[in-house]
Amino acid sequence: MARLFYRLGTTVAKNPGYFLIIPFLVAALCFTGFQRMKSEIDPEYLFSPVGGQGKAERNVVESFFSLNYSARFNVGRITRPGRFGRVIIVPKEVADEATELSKAAGTEGLQSDKYHGPGANAPGTGPYQKLTDLGNLLTEDVWRELWILDGIIRNATAVVDGEKYNYGDICARWVDECFRNDILELSHVMGDVQAGRLNLTFPVMFNPVTWDAHAFPVFFGGTSVSDEGTILKVPSLQLVYFVTADTKRQDEIGAAWEEAFLKAVGEAEDSGLFHHISTARFASRTLDLELERNTHTVVPFFGTTFVVMVAFSGISCITADWVRAKPWLGFLGNLSAVAGTSAAFGLVMYIGVPFIGINLAAPFLMLGIGIDDTFVMLAAWRRTSPQLDVPERLGRTLSEAAVSITITSVTDMLSFWIGIISPFPSVQIFCIYTGFAVGFTFLWHITFFSACVAISGYAEKKNLHSIACVKVLPVSQADHRSWLYKMFCTGGHNPDDPHNPRDNVEPCIMVFFREKVAWLLNMPVVKVIVVLVFAGYLAGACYGITNIKEGLERRKLSRTDSYSIDFYDREDFYFREFPYRIQVIITGELNYSDPVIQQQIETLTQTFENTSFISSPLYTESWLRSFVGYLWLFQPNPFSLDVKFNDDGTRIVASRFLIQAVNITDANHEKEMVRALRHIAEESALNVTKFAIFHSQFDFQRPEKDLKNVNTFLQTKNLNITILS
């Protein structure tokens, strides 16, 4: 390998122009791949494992029970979030106090270790956990403003291809009725509720005026309930608006309506229109867009980082000898890394790999790797004799430096490409881009940067100033010149006296590390100190690992000025008591009229209900229980969505019932719930699949991701060690 790089070095030195121009043209050609960049921002696709059990469970559900947003929409039976707008409302004065607490806490939020109220078990560090008075929304003034908010949302208009759409045009429907927030109908009785003449009973109550059945846990958050089951206070309320998403066209219109929804609600909140309520908004694409917006915040740092790296590398390459100094090579080393990374990214885009925001971290890594290779090559160049001709010097330089650079680059590439075996597409994509970038940075350094070193070598041979590129005198011939000239314009050697010690002074940094630092490290006492310090470092690292806290706070996925942070804080605090509706699917042609089968299904249902993760039977929806209780499955009934017949309609091939998760506080609790419910499903004699569509795409993949992370890490580590050893 050393001989191969020696020949490459001599070839580059003899033909530097080719190795300057060709890499530049190749980089320019590959850079055109950016025009084919396809950005991927879907968190569920990026951060959930390929072939994960959660996706398999959803496929089972959708194979039997497809969702129809246009005519048979039921929010408890959805399998994908679809397009929606969601608003969480709290009293105005409570929101103002929470805002002040957030400003005082800064970006890290508040610790949740003191307050014990409706949100005491909620995760995160939001400000609502520190409030002592959460207020009450059960007033006529609040309900009047809720109707105003509802009107604003319904009138929010999206324009797609010149056509206008409001909520009434594209809303998800049950038969011919738009999905609506029936809780608003409490306005008919809110005067009596506020005056204490009418009590609201938790969890369900019929409206005495409209006869709507209000399921309060769906809309109310952090509800305070008396021992008699009547509602005392409602500190938070949510409204949800679903739109159709059955086709690609409907999905496109829904996405446009979400933007109109976010804008309308945001303008209403910011304008001070509401005096009694405060809103926090969210849509299906909020997490996607906020994650992307958050990652793009690094873009302004590219220029700053490049300037800092150029300045650092340029200054590091300056020596007292102004001919042998290489400040321009410090800049060109950075340029080589940037060109290689850009070419690699463009080529990968040509291949068709989607681009993700986390890839923006790769250029920072490549700059570090590129500068490291630059210093290695320059150190090898300085160790060659200045009396040798340039091809010989560059050949010896590459034979020494390129071998170590090759080894480190190959190990880096393998380390990243091994990451492609990860089940997470985000990791796969990042590793593909970064692996190619490492390889291209290496190629550009042994070609383009080597050519730059050769040209610098020819300039050094002519005794040209390393910055101004004008001929200067060596130190031994500059005694008659001014002190200013001696300080900034001398260097190189006298061709008539090439071995003059005054012209061959080694760089002080190299001398310092060779004679001072190396001598110090060889002292027995220093060796002991180094070992003890490193042992202390390892001990501290091990202790830190034992204190790692699993889970992720969604508020930290968004920028500090994002509207979504307040929504996450409110949802985590107020709406964790009844967070997820879980679907349990039973497949196979069972004889549901057989009492034995009925009892097996009932036993399974009760087993789920008896876990600590599932609420009481009051919140369970079971068509079989209702059927046994003589409730016919006529088509307008939502239970008709829970039975799948064979093609000739003579046998049931699949059925489902719904159970309600309760008091799921954080990601670790979600993981425990998923494991426990899957265990019950696996132990059942029936062919059972359970599935939960969580509040957002990120929630859907989070428990699945946590279950995969450890195994993925161990597999990647073991394969990496095997290959590199």
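## Exercises on a predicted chain

In this predicted model, the protein chain carries 24 helices and 17 strands.

**Exercise 1.** Work out why the protein chain is described as more spread out than a compact globule.

*Solution.* Begin with the expectation: for 725 residues, the globule rule gives 27 Å. Next take the computed radius of gyration, which is 34 Å and therefore well over that figure, so the chain is more spread out than a compact globule. As a further step, consider the box filled by the C-alpha atoms, which along the principal axes is roughly 110 × 65 × 55 Å.

**Exercise 2.** Describe burial, contacts and surface in the protein chain.

*Solution.* Taking buried to mean under 20% relative accessible area, one finds that 49% of the 725 residues are buried. Turning to contacts with a separation of 6 or more, 75% of them join residues that are 24 or more positions apart. Finally, the accessible surface comes to about 34,600 Å², and carbon and sulfur atoms account for 61% of that area.

**Exercise 3.** State how many positive and negative side chains there are, and how far apart the centres of the two sets lie.

*Solution.* The chain has 64 positive and 76 negative side chains, and the centres of these two sets are separated by 10 Å.

**Exercise 4.** Examine two of the spans that UniProt lists as "transmembrane region".

*Solution.* The unreviewed UniProt entry lists several such spans, among them residues 360-381 and 432-456. In the model, residues 360-381 are 91% helix and 0% strand, with end C-alpha atoms 33 Å apart. Residues 432-456 are 100% helix and 0% strand, and their end C-alpha atoms lie 34 Å apart.

How values were computed. Residues are numbered from 1 along each chain as its sequence is written. This is a predicted model: local features need pLDDT of at least 70, side-chain atom pairs count only at pLDDT 80 or more; totals for chains, interfaces and linings use all residues. Side-chain values use heavy atoms; hydrogens and water are left out. Helices (H or I, at least four residues) and strands (E, at least two) are DSSP runs, numbered from the N terminus. The radius of gyration is taken over C-alpha atoms; the globule rule is 2.2 Å times the number of residues to the power 0.38. Buried means under 20% relative accessible area, exposed over 50%, partly exposed in between (1.4 Å probe, protein chains only). Contact means heavy atoms within 4.5 Å. Accessible areas come from the Shrake-Rupley method with a 1.4 Å probe; for residues, only the protein chains shown count as cover. Lys and Arg count as positive and Asp and Glu as negative; His and the chain ends are not counted. The place of a charge is taken as NZ of Lys, CZ of Arg, CG of Asp or CD of Glu. UniProt positions are given in the numbering used here, feature names are shortened, and annotations may be inferred rather than shown by experiment.
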